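Trainee: I am new to this structure. Please take me through its pockets and cores, and say what each label rests on.

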Amino acid sequence: MATTPMPLDVKLMTALTHALVVLFAVLCLGALGTWLVRHPVWTVKAITVQGDVTHQNAVSFRAQLATQMKTRLSSSFLTVDLQQVRELFEGVPWVRQAVVQREFPNRLRVTLQEHQAVAWWGESGSGRLVSQLGEVFEASPDDSDNLPELAGPAEQSAQVWALYQRLQAELAPLELGLERLELTERGGWRAQLDNGAQVELGRGTPDELLARTRRFSATLSQLTERYAGALQSVDLRYPNGYALRLRGVTTVTDIAPTTTQPTR
């Protein structure tokens, strides 16, 4: 039995009807999804902070982040931008890293890692510190009396901190400490001991600088036995020795006789 073809206008009407039904269904689903996302049950109710919180607490976070957090958390638990929340916490002094996670149904958990200050960057009290990882950050320590000073190009802070540790370990047996270590703009190294003495280390690799320091530390006790004056300055830039000045001693003593001038 032959079938009569459906008129074109009927086909168009049928296709349009199907399209409208699909569109209506999509709009309904979208409206339902929007309602669910914005439902009060998904409002972020609390933020739990854990990890390193030595220098921060709930009160300080609330004081520093209250306004910004209110804006960031205006969206629901499902749509809140965790990246923005992380950046807010990492902008707080002492916070090195923040990891933000959702906790169903309406909480956020923030795990913090703080900087551990080991030195001032630049002058003492500058507000810039160096962490144990050699990173420069801004904060005000509670107790800064025992922090040394490190200085140099900011991008080389890790190198300065690494050399400081090696030199400090070499000087420790002499009961000498480093109060300051500086990498100058010309690439030379300069230090100040805790007794006030200035030390010119010159240029070179960390191993070369350490070798010069060892030459000095190995023979310093011989000089202090001969001369009672306090150490004022040391120049380690000579290739085969060093020169130093003692308080009350008017001459500069060369440990290894040489006529070569120090390299600058």
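Mentor: The model is predicted. In the second largest pocket, 10 residues form the lining, and Thr184, Gly188, Arg190, Glu200 and Arg237 are nearest the centre. Strand 9 (189-193) and strand 10 (198-202) each give two or more residues to that lining. The volume of this pocket is about 200 Å³.

Trainee: What makes Arg190 a lining residue of the second largest pocket?

Mentor: A lining residue has an atom within 4 Å of a pocket point. Arg190 is listed in the lining, so Arg190 meets that cut-off.

Trainee: How many residues of each class are in that lining?

Mentor: There are 6 charged, 3 polar and 1 nonpolar. Gly counts as polar, so Gly188 is in the polar class.

Trainee: What is the class make-up of the largest pocket's lining?

Mentor: That lining has 11 nonpolar and 2 charged residues, and no polar ones. Helix 2 (58-72) provides the largest share, 6 residues. The volume is about 320 Å³.

Trainee: Why is Leu201 called a core residue?

Mentor: A nonpolar core joins buried residues of certain nonpolar types, Leu among them, through side-chain atoms within 4.5 Å. Leu201 is among the residues with the most contacts inside the largest core, which has 32 residues. Buried means under 20% relative accessible area, so Leu201 falls below that value.

Trainee: Which element gives the most to this core?

Mentor: Helix 4 does, with 6 residues. Another core lies apart from it, with 15 residues, including Val44 and Phe89.

Notes
Residues are numbered from 1 along each chain as its sequence is written. This is a predicted model: local features need pLDDT of at least 70, side-chain atom pairs count only at pLDDT 80 or more; totals for chains, interfaces and linings use all residues. Side-chain values use heavy atoms; hydrogens and water are left out. On a 1 Å grid over the protein atoms alone, a cavity is a set of points where a 1.4 Å probe fits but cannot get out, and a pocket is an open set with protein on both sides within 12 Å along at least five of seven lines; lining residues have an atom within 4 Å of a point. Grid points are joined across faces, edges and corners, and a volume is the space filled by probe spheres set on the points. Helices (H or I, at least four residues) and strands (E, at least two) are DSSP runs, numbered from the N terminus. Buried means under 20% relative accessible area, exposed over 50%, partly exposed in between (1.4 Å probe, protein chains only).
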